[in-house]
Amino acid sequence: MTVKEYLHQAYRLDQRIKSDTMEAQNLREMAGSVSAIQYDKDRVQASRNTEAPFVRTLEKLWTLEKKIAGELEMLSDLKKQIREVIEAVPDTDERMVLKYRYIHNYTWEQIGMELCADARTIRRWHGKALLHVTLPDNPIII
C-alpha cells in the first residue's frame, strides 16, 4: 500500500458512511409509512405471515445502524492514526497540506485558499510531503 492510498482511506470510509446513512434514512422513512394489508383471494397459504410489514424494515435499519456505528469507530481510529503520521512530517506547509487534504477532505482549491498559495505550489508541497510520510508499523487498512 502506498502512502497516498493509506491516507486516502479516510475519505473513502467517510463516503461509505455517508452512503450508508442515506440508506438508513430511506429505511426510516419506509418504516414510518403505513402499508395496507393485502388480501389475495387467489393465493392460498398454509401459514399466514402475521408480522407487520414495517418490522422487516426496522430489522434492516437496526443492522445498518450497527454497521454505521462500527464504521464510525473505525473512521475515528483511522483519522487518529493518520493525524499521528502527519504530525511526524517536519515541514509545516507540507503538514498543513496533508491535514487539509486527508483529515478535512478539502479540495486543492480550498487548500490553496487556506494556505494562500496557488494550485501548483499546493501540489508541489503535497508531493514533497508524501515523500516525508512514514507509514505506521500496523496501519489500519479498510
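The exercises below, each with a worked solution, concern a predicted model.

**Exercise 1. Overall architecture**

Determine how many helices and strands the protein has, and what share of its residues is buried.

Solution. The secondary structure comes to 5 helices and 0 strands, and reading along the sequence gives the pattern α-α-α-α-α. Turning to accessibility, buried residues make up 31% of the 142 residues in the protein. As a last step, consider the contacts between residues at least 6 apart in sequence, of which 71% join residues at least 24 apart.

**Exercise 2. Two residues of helix H1**

Decide whether Asp14 is buried or exposed, and do likewise for Gly32.

Solution. Begin with Asp14, whose place is in helix H1, residues 3-32. Its relative accessibility is 15%, and since buried means under 20%, Asp14 counts as buried. Leaving aside neighbours within four places in sequence, Asp14 is in contact with Leu75 and Asn105. Gly32 is also found in helix H1, but its relative accessibility is 60%, and because exposed means over 50%, Gly32 counts as exposed. The C-alpha atom of Gly32 is separated by 9.5 Å from that of Leu58, a residue 26 places away along the chain.

**Exercise 3. Helix H3 and its ends**

Compare the span of helix H3 with the expected value, and identify the residue that caps its N-terminal end.

Solution. Helix H3 covers residues 92-103, which amounts to 12 residues. From its first C-alpha to its last it reaches 15 Å, close to the 16 Å expected at 1.5 Å a residue. At the N-terminal end the cap is Asp91, which places a side-chain oxygen 3.1 Å from the backbone nitrogen of Asp93. Just after H3, Asn105 takes a positive phi of about 60°; Asn105 is also one of the residues in contact with Asp14. Within the helix, the buried residues are Glu94, Arg95, Val97, Leu98, Tyr100, Tyr102 and Ile103.

**Exercise 4. The packing of H4 and H5**

Classify the mutual orientation of helices H4 and H5, and state which residues make their contact.

Solution. The axes of helix H4 (residues 108-115) and helix H5 (residues 119-132) come within 9 Å and cross at roughly 100°. Because angles of 65 to 115 degrees count as roughly perpendicular, H4 and H5 are assigned to that class. On the H4 side the contact is made by Trp108, Ile111, Gly112 and Leu115, and on the H5 side by Ile122, Arg123, Trp125 and His126. Sorted by class, this contact has 5 nonpolar, 2 polar and 1 charged residues.

Note on methods. Residues numbered from 1 in each chain as written. Predicted model: local features only at pLDDT ≥ 70, side-chain atom pairs only at ≥ 80, totals over all residues. Heavy atoms only, no water. Helix = DSSP H or I, 4+ residues; strand = E, 2+ residues; numbered from the N terminus. Buried < 20%, exposed > 50% of the residue type's maximum accessible area, 1.4 Å probe, protein only. Contact = heavy atoms within 4.5 Å. Expected span 1.5 Å × (residues − 1). Polar contact = N/O pair within 3.5 Å; in protein donor to acceptor, adjacent residues only side chain to side chain. Axes fitted to C-alpha atoms, helices over the stretch in contact; angles between N-to-C directions. Parallel < 35°, antiparallel > 145°, perpendicular 65-115°, else oblique. Nonpolar A, V, L, I, M, F, W, Y, C, P; charged D, E, K, R; others polar.
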